[in-house]
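Visitor: Please choose one single part of this model and take me through it slowly, with its neighbours.

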Amino acid sequence: MTGPVSAHRLGVISCHACGLVCEDTLTRQTASSRLAPETDPHVDCPRCGAPLHRRRPNNIPRAWALLLAGLIFYIPANVLPVMYTSLMGSGSENTIMQGVIEFWKSGSYGIALVIFIASVLVPCTKFVVLGVLFATSQRCSRWAMKERAKLYRLVELVGYWSMLDVLVVAIVAALVKFQGLSDIEPRIGILFFGMVVIMTMLSAMSFDPRLIWDGDNE
């Protein structure tokens with residue numbers, strides 16, 4: 001046997017629930033039941049009883065749907081105000097970019113950069129990276145497989161910090177209220193931004209990264 005050893009070449013399959021490695025009997029079951037080749041049959045794990053699949057069923061359509069939902073939520077998240085600021089009796093509502101500009105003008109460069117990176121740079125990068133991963137995996141592309149696998153791990157890592165913007169708004173609002181000189185309150189836009197974060201995280205979690213390497217099969 002030459003080349004990397006894979007579960008497909010060894011004739012084994014891993015349970016998604018408990019991780020037990022079992023003999024891959026799906027091929028024999030498909031042949032005996034005369035199912036169509038594109039049909040995804042399954043047997044149950046002998047240890048935990050969960051259905052065994054070589055790949056998560058319908059993971060690409062589900063990941064696309066969640067990604068598009070996140071993209072749709074991102075529009076009101078940027079158009080609607082995310083916070084209300086009041087200083088000396090004069091108040092105004094700001095969108096994400098208006099908030100970045102306000103913090104920058106007031107000299108809070110660190111907060112402005114954190115909000116810009118967490119609210120604009122990271123979500124847009126995730127949309128592009130996930131879209132590229134889904135499209136290339138759907139086509140069983142052999143293009144830059146190792147780099148694409150690293151990108152997927154990076155997206156998963158960044159996902160845990162995607163709520164940083166919401167956290168910054170909450171902390172700033174609490175600090176301003178504590179000082180009593182001005183007032184900051186969250187607005188409906190921050191709710192849509194939270195939905196963007198949740199949708200993109202669910203999209204990345206729905207994707208089966210083993211599809212990246214399917215183009216490497218002989």
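Guide: An axis here is a line fitted to C-alpha atoms, for helices over the stretch in contact, and angles run from 0 to 180 degrees between N-to-C directions. The model is predicted, so to speak of local features requires pLDDT of at least 70 and side-chain atom pairs count only at 80 or more, while totals for chains, interfaces and linings use all residues. Residues are numbered from 1 along each chain as its sequence is written, and side-chain values use heavy atoms, without hydrogens and water.

The part I choose is helix α5, residues 109-138 (helices are DSSP runs of H or I, at least four residues, and strands runs of E, at least two, numbered from the N terminus). Since α5 has 30 residues, at 1.5 Å a residue it should span 44 Å (1.5 Å times one less than the number of residues), and its end C-alpha atoms, 42 Å apart, agree with that. Along its course α5 has a kink of about 35°, centred on I117 (the bend is the angle between axes fitted to the seven residues ending there and the seven starting there). After α5 comes C140, which has a positive phi, near 50°.

One neighbour is helix α4, residues 96-105, whose axis lies 7 Å from that of α5, at an angle of about 160°. That makes the pair roughly antiparallel (over 145 degrees; under 35 is roughly parallel, 65 to 115 roughly perpendicular, and the rest oblique). In this contact (heavy atoms within 4.5 Å), I96, M97, V100, F103 and W104 of α4 meet Y109, I111, A112, L113, I115, F116, S119 and V120 of α5. By class, the residues of this contact are 12 nonpolar, 1 polar and no charged (Ala, Val, Leu, Ile, Met, Phe, Trp, Tyr, Cys and Pro are nonpolar, Asp, Glu, Lys and Arg charged, the others, Gly among them, polar).

Another neighbour is helix α6, residues 145-159, and here the two axes come within 10 Å and cross at roughly 140°. With that angle, α5 and α6 are therefore oblique to each other. From α5, the residues V122, K126, V129, L130, L133, T136 and S137 take part, and they meet R148, L151, Y152, V155, V158 and G159 in α6. Sorted by class, the contact of α5 with α6 has 8 nonpolar, 3 polar and 2 charged residues.
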